[in-house]
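Subject: Structure handover

Hello,

Here is the structure I promised to pass on. Please open it alongside this email, and then read my notes below.

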Amino acid sequence: MFYGFDFTNNICYIATYDGKKVEESDLVVCPQGLDERVAFLKGYVANDDRAAVAIEEVDESIQEFSAKLGPAFKVLSKEEAFGYYILGEDNTMWKRQNGAFEFHKDYFRFYEMSREGRILAVSSKRCDMKEVSLTTDKEKDKFFTKQSADVLNVRQINNVFLNGEEFKTDWMKLSLNALCAGRRVFAGNHLFATGALRSLTSNHNHRLELMTEDYHPFVWGIRTYHHGKKDVFAPIIQSGNFWFLTKGYVDVFVDECEELIIEGRNSLNQEKITLKLPLAFKSANPMRTTKLRIEIVCTGIHTILIRISDMGFGKTRAGAGKIFEEEYKLPSITGR
């Protein structure tokens with residue numbers, strides 16, 4: 001048996017596949033603590049079963065969660081689950097632009113999917129509903145009408161999915177009419193549970209690669225000399241890891257260097273970013289030949305920190321320690 005789980009605070013949607021057809025179960029109450037969720041999931045999954053779990057937010061705890069669940073489980077973000085759902089459809093779906101709205105008591109979120117060559121990129125924007133008071137159906141309709149218009153009026157979205165227990169057709173008067181204008185609209189509560197399930201069961205022979213903003217898409221490095229060869233690219237970090245696990249450094253020797261040039265290349269659309277780092281070594285005390293350590297650390301989905309430290313030059317000159325540090329903002333994977 002294959003299972004797909006979609007966690008949303010204390011709610012869980014479940015989809016199962018027995019080798020013949022997919023079944024969607026009613027929502028069940030589930031715990032929020034990590035250990036309690038592990039016990040909850042293992043209560044469903046037998047020794048020979050496999051399961052995929054879509055969680056609300058991806059952070060450092062995903063490693064501990066995955067380790068406690070064991071090899072029978074796969075943990076992924078809701079953005080990935082949405083991507084796998086679309087990849088499991090025919091090409092009339094994944095060749096077009098897709099969006100999804102998720103509406104719960106605690107939060108509202110819009111998911112956007114765009115295709116860049118062989119890359120299927122999924123990003124999302126969240127609104128915390130704890131700060132929004134919606135007490136009547138009319139207020140919900142007005143809220144969703146504005147939220148959907150803000151994103152759909154500036155994007156060419158062909159297919160829209162509605163997911164979450166807060167969506168009720170009896171209050172969707174204005175919003176549903178606007179939503180269906182020139183688009184196909186699909187409603188249900190098992191979008192992410194079924195998408196998680198498809199990450200285990202579907203064979204994607206179209207060779208599309210899925211990327212979300214939980215993964216850092218840039219390769220970063222520096223142009224330098226190496227063994228007498230000119231203009232060699234020395235990589236510092238690679239793309240494709242979770243952003244909070246992405247970091248690296250490289251040591252280089254420089255001689256009275258006033259500026260370093262760091263290059264980044266987006267693996268999705270091949271966009272290049274060039275960062276010029278002013279070091280002003282020739283100020284009062286020129287360093288001459290010295291070793292620099294260039295570190296790059298992802299500090300957020302769209303930010304990196306570059307730190308440069310003077311390591312000195314053997315016994316002839318002690319290092320000066322950190323000489324440069326700055327954070328840079330990066331574009332999102334969808335370019336917005």
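Start with Cys298, which stands opposite Ile304 in S18. Bear in mind that this is a predicted model.

Cys298 belongs to a strand pair. Strand S17 covers residues 289–300 and strand S18 covers residues 303–313. The two run antiparallel and share nine bridges. Further along the pair, Ile294 stands opposite Ile308 in S18. The link between S17 and S18 is a hairpin of two residues.

S18 has another partner. With S19 it pairs in the antiparallel sense, over 10 bridges. There, Gly312 stands opposite Ala318 in S19.

Put these together and you get an open sheet of four strands, in the order S14-S17-S18-S19. Its pairing is antiparallel. At the edges are strand S14 (247–255) and strand S19 (317–329), each paired on one side only. On average, neighbouring strands here are turned by 20° against each other, direction ignored.

Now look at Thr246. Where does it lie? It is in the loop between strand S13 (229–237) and S14. Is Thr246 buried or exposed? Its relative accessibility is 3%, so it counts as buried, the cut-off being under 20%. Leaving aside residues up to four places away in sequence, Thr246 touches His216, Ile237, Gln238, Asn241, Ile296, Val297 and Cys298. Cys298 is the residue we began with, opposite Ile304.

**A second hairpin**

Strand S15 (residues 259–266) pairs with strand S16 (residues 272–278). The sense is antiparallel and there are seven bridges. Gly264 has Ile273 in S16 as its bridge partner. Five residues sit between the two strands of this hairpin. One of the turn residues, Gln270, has a positive phi of about 65°.

**The mixed sheet**

Another open sheet has six strands, ordered S10-S9-S6-S7-S8-S11. The pairing in this sheet is mixed. Its edge strands are strand S10 (184–187) and strand S11 (209–212), and each pairs on one side only. Neighbouring strands are turned by 20° against each other on average, direction ignored.

Within this sheet, look at strand S6 (residues 98–103) and strand S7 (residues 107–116). They run antiparallel and are joined by six bridges. One facing pair is Phe103 and Phe108, the latter in S7.

Two helices lie across strands of this sheet. Helix H5 (residues 137–152) lies across S6, S7, strand S8 (119–128) and strand S9 (159–163). H5 runs at about 155° to S6. H7 lies across S6, S7 and S9, and runs at about 110° to S9.

How many residues of helix H7 are buried? The count is 10 of its 11 residues, so the helix, residues 191–201, is mostly covered. Among the buried ones are Leu191, Phe192, Leu197, Arg198 and Leu200.

**Phe82**

Phe82 lies in helix H3 (residues 78–87). With 0% relative accessibility, Phe82 counts as buried. Which residues does Phe82 touch, not counting those up to four places away in sequence? They are Asn98, Gly99, Ala100, Tyr111, Met113, Val122, Phe161, Leu191 and Phe192. Two of these names are familiar: Leu191 and Phe192 are buried residues of H7. Compare Phe82 with Gly264, the bridge partner of Ile273. Phe82 and Gly264 are 182 residues apart along the chain, and their C-alpha atoms are separated by 28 Å.

**The whole chain**

Finally, the overall numbers. The protein chain has seven helices and 19 strands. Its C-alpha trace spans about 75 × 50 × 40 Å along the principal axes. Of the 336 residues, 48% are buried. Among contacts with a separation of 6 or more, 62% are between residues 24 or more positions apart. The accessible surface comes to about 17300 Å², and carbon and sulfur atoms account for 47% of that. The chain carries 45 positive and 47 negative charges, whose mean positions are 5 Å apart.

Best wishes

How values were computed. Residues numbered from 1 in each chain as written. Predicted model: local features only at pLDDT ≥ 70, side-chain atom pairs only at ≥ 80, totals over all residues. Heavy atoms only, no water. Buried < 20%, exposed > 50% of the residue type's maximum accessible area, 1.4 Å probe, protein only. Contact = heavy atoms within 4.5 Å. Areas by Shrake-Rupley, 256 points an atom, 1.4 Å probe, with all protein chains shown as cover. Lys, Arg positive; Asp, Glu negative; His and termini not counted. Charge placed at Lys NZ, Arg CZ, Asp CG, Glu CD. Pairing = 2+ DSSP bridges. Axes fitted to C-alpha atoms, helices over the stretch in contact; angles between N-to-C directions.
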